[in-house]
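Let's take a walk through a protein model, one piece at a time. Have the structure open and turn it around as you read.

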Amino acid sequence: MLKGMIFDVARAAMDDGPGVRTTIFLKGCPLRCPWCHNPESQRFSRESARDKYGKPVVYGQELTPQEILAIAERDRSFYRLSGGGVTFSGGEPLAQAAFLAESCRLCHEAGLHVCVDTSGFASEEAVHAVMPYVDLFLLDYKQTGEERHERDVGVPLSPVLDTLALLRREGKRVWLRCPIVPGYQDRPEHFRAIAALEREYPCIERVELMFFHTLGRHKYAQLRRRDPTADLTPFTEEEKEAFWRRLNDDEAQMGIDISERI
Ligand code: SF4
């Protein structure tokens, strides 16, 4: 029987696509972003940890696509009122392509709005398998430059851009999600590259800057792993506004009508 490895389910999620959503988090990821706030998502197998009170916690539960649909159905009335639906996130959901495709298919055929939140680091076959059942892709753009990308997150950038090109070719909708982490992406050429992507890929409807935060810090301690961002401090509100201004300026210089995109 087809099953997927899930490490969490979030009901009433507000930041994983339009409206109120149920987010299903698939376990396992080929990337190793140092700023990852879900370190329990990275390994593909089930793992044990201890919470801050010393109680055992297990990350990882096998579920069937039918069980995923039943979970998603519980909040159908909220989706209808808010324009929401179900989002598959991770980890990297496309790393469990067969399970993801079947779960997306069931949700789509049940009339639910389906988002997939992906790093874009996936085979063309995996993207093709899920594409017919996905209304919106939330695609991460993590770093500019092949060398920096591979150094920072452990995989090359070109497959991510291939995924974006494939989504453009197939007329799929994309929201580009861009982590901004001190010392990693906070440089002018990265913002220019985001604006250039918006110009080059009309499938990008919206850009989200995902600023570094420390909400996942305790999980590294739970898992007894070193937190790679232990020395980093989140940006201030003024700094965040300055990054948005910089992106808007770059977009304006490239002739992008941002009012239609954000
Ligand atoms: S792609 Fe996402 S889940 Fe994977 S390591 Fe990066 S931040 Fe974590």
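## Two strands side by side

Start with strand 6 (residues 85-89) and strand 7 (residues 114-118): they pair in the parallel sense over 3 bridges. If you want a spot to zoom in on, find Thr87, which sits opposite Cys115 in strand 7. Keep in mind that you're looking at a predicted model.

## The whole sheet

Now zoom out. An open sheet of 8 strands runs in the order 5-1-2-6-7-8-9-10, and its pairing is mixed. Which strands sit at the edges? They are strand 5 (61-63) and strand 10 (204-211), and each one pairs on one side only. On average, neighbouring strands in this sheet are turned by 30° against each other, ignoring direction. What holds a sheet like this together? Strands of a sheet pair through backbone hydrogen bonds, either parallel or antiparallel.

Look for helix 7 (residues 188-200) too: it lies across strand 9 (174-180) and strand 10, and runs at about 160° to strand 10.

## Around the ligand

Next, find the ligand. The residues around it include Cys29, Cys33, Cys36, Arg32, Glu92 and Ser119. Sorted by type, the shell has 4 nonpolar, 6 polar and 2 charged residues.

## The chain as a whole

In total, the chain has 9 helices and 10 strands. Its C-alpha trace spans about 50 × 40 × 35 Å along the principal axes. Why call that compact? A compact globule of 262 residues would have a radius of gyration near 18 Å, and the chain has 18 Å, so the two agree.

Buried residues make up 40% of the 262. Of the contacts between residues at least 6 apart in sequence, 71% join residues at least 24 apart.

Definitions and conventions:
Residues numbered from 1 in each chain as written. Predicted model: local features only at pLDDT ≥ 70, side-chain atom pairs only at ≥ 80, totals over all residues. Pairing = 2+ DSSP bridges. Helix = DSSP H or I, 4+ residues; strand = E, 2+ residues; numbered from the N terminus. Axes fitted to C-alpha atoms, helices over the stretch in contact; angles between N-to-C directions. Contact = placed C-beta atoms within 7 Å. Near = placed C-beta within 6 Å. Nonpolar A, V, L, I, M, F, W, Y, C, P; charged D, E, K, R; others polar. Rg over C-alpha atoms; globule rule 2.2 N^0.38 Å. Buried ≥ 20, exposed ≤ 12 C-beta atoms within 10 Å, placed from the backbone.
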